[in-house]
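Okay, thanks everyone, I'll keep this short. Let me put the model up, and then we'll walk through it together.

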There are 2 protein chains.
Amino acid sequence: MSGEQFLRYGGNTPCIEVRCGAEVLIFDAGSGLREAGLSLMSEGVSEFDVFFTHTHYDHIIGLPYFKPIYRCSSAVRFWSGHLHGTMSTAEMINDFMRPPWFPVGPGICQASLDTVDFRPGDTLSPRKDVSIRTMSLVHPGGCVGYRVDWGGRAVALIYDTEHEPGILDPTLLDFIADADLLVYDCTYLESEMAAYRGYGHSTGIHGSRLAMAAGIPRLAMFHHDPSRTDAALAAIEQEVQAFFAGAFAARDHQVIDL
Amino acid sequence: MSGEQFLRYGGNTPCIEVRCGAEVLIFDAGSGLREAGLSLMSEGVSEFDVFFTHTHYDHIIGLPYFKPIYRCSSAVRFWSGHLHGTMSTAEMINDFMRPPWFPVGPGICQASLDTVDFRPGDTLSPRKDVSIRTMSLVHPGGCVGYRVDWGGRAVALIYDTEHEPGILDPTLLDFIADADLLVYDCTYLESEMAAYRGYGHSTGIHGSRLAMAAGIPRLAMFHHDPSRTDAALAAIEQEVQAFFAGAFAARDHQVIDL
Ligand SMILES: [Zn+2]
Ligand SMILES: [Zn+2]
Ligand SMILES: [Zn+2]
Ligand SMILES: [Zn+2]
């Protein structure tokens, strides 16, 4: 989204950078990845790990515009698990970056590119002292939830998932337990859920219930419906905050210290 | 692009609606198509013709978010010519809208969908009294230029193309001759062209030369480099205007009467 009604919360699609000390991890390659690449390069970062939750267009469209892949001085590793058994991470990237959708294939990339395939449920160790747990979420075609633990702090990234009304999934509760921050799919309002069963998304109220039950102090409402204006999002944020004071609507370029 | 530095000119990717009286024609399915679909539906439009210049991601990413394709009350026709001989328009759409990039295929669309394949150079007659000429442009993987003639007025849409420095292509000059408006690829500055030879884009100064030589009073500078801020675009617009007073930088939601 673009335009003054969409300025406050921003219009980029999912891409979150998680920093563990000097280590930089990137979760999803939404349109925000273009700017993230430029800013990380100007900081001198040259080693990148990019984890895919899944590869619906909103989560991968930034990939060809991520400048570090074209620089011989960068090393980029791509991780994915949602296509386990059907397509490898390398096959997926080759199929995405090609004519007629993009002028060139990944062969043109001068960076050292590497891919890792995992199974949802695996625990990953991409960098020293960083542990990442993974789990399957409920989304058409699959989606992977990530939990990053480092230095006694934890963030749970639950990007695209659908809940059973009235049920707090015990596997998910265990997965996110005691994290410092829950980033959660808040695409819909409670009143909209019935009309969108099967679309694979959830609500801010359900995210709040999960955060409270799992002992998590803060909830970043994420994956906003793209048609919500700033006014609509502010109203939704207020309503969810009245239910759970730790909730807030995530914004483009927002930085959160844990 | 999204954010306050990108507000004035907007951050949507290519999608232009051309109206010939009551007839609505759409050129490219960039991110602007999502909003265009909503606004056209609310106006009661139910018959859509969407023409592709080519299908690099920035020109097609809005397609799955174009609501009319999901409504049984709409009729949508897609036209393309840039893949002539390699892939039909129907094959292209089937390959674009599918897992793992989109949850569902075009089979889910309830609209009556139709596709037309043409050869660049063909003249198309999509609606009564509307004549559209086509020509091949210079862009990796091909791109089609369109010229829409209706009621004695004409607009030339030259989205993605590269020029030979110092040369005004006579075929292109003939194609755009005496149009009322030229929409032209102004991605780069003159000073950047040397570094981006072969990328398939052009400049505002070259577009101005073409407009002046072809007797066209107005030039919409189009296909801005996504990293330009409002300040950078305003500076570029001013520089090109000093060279050709009919030039202006195209903006999201801008309406131009011919
Ligand atoms: Zn998705
Ligand atoms: Zn999504
Ligand atoms: Zn292109
Ligand atoms: Zn383009």
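So, let's start with two histidines: B:His54 and B:His139 are both buried. Keep in mind that this is a predicted model.

What do those two do here? Along with B:His56, they're the protein donors of the zinc ion (ligand 3). B:His54 and B:His139 each give NE2, while B:His56 gives ND1, and the donors lie 2.1 to 2.2 Å from the zinc. If you like motifs, the spacing in sequence is H-x1-H-x82-H. The pair B:His54 and B:His139 links distant parts of the chain, 85 residues apart. B:His54 is in the loop between strand 3 and helix 2, and B:His139 is in the loop between strand 7 and strand 8.

Now, how far away is the zinc ion (ligand 4)? It's 3.4 Å from the zinc ion (ligand 3).

On to that one. The zinc ion (ligand 4) has B:Asp58 and B:Asp160 donating through OD, plus B:His59 and B:His223 through NE2, at 2.1 to 2.6 Å. The spacing here reads D-H-x100-D-x62-H. Again there's a pair that links distant parts of the chain: B:His59 in helix 2 and B:Asp160 in the loop between strand 9 and helix 4, 101 residues apart. B:His59 is buried, at 0% relative accessible area, and B:Asp160 is buried too, at 2%.

And the geometry, for those of you thinking about parameters? The angles among the four donor atoms run from 89 to 174 degrees, and the site comes out as irregular. Why not tetrahedral? Because that label needs all angles between 85 and 135 degrees, and the range here goes up to 174.

Conventions. Residues numbered from 1 in each chain as written. Chains lettered and ligands numbered in written order. Predicted model: local features only at pLDDT ≥ 70, side-chain atom pairs only at ≥ 80, totals over all residues. Heavy atoms only, no water. Donors = N, O, S within 2.8 Å, 3.2 Å for Na, K, Ca; no water. Tetrahedral: all angles 85-135°; square planar, octahedral: opposite > 155°, others 65-115°. Helix = DSSP H or I, 4+ residues; strand = E, 2+ residues; numbered from the N terminus. Buried < 20%, exposed > 50% of the residue type's maximum accessible area, 1.4 Å probe, protein only.
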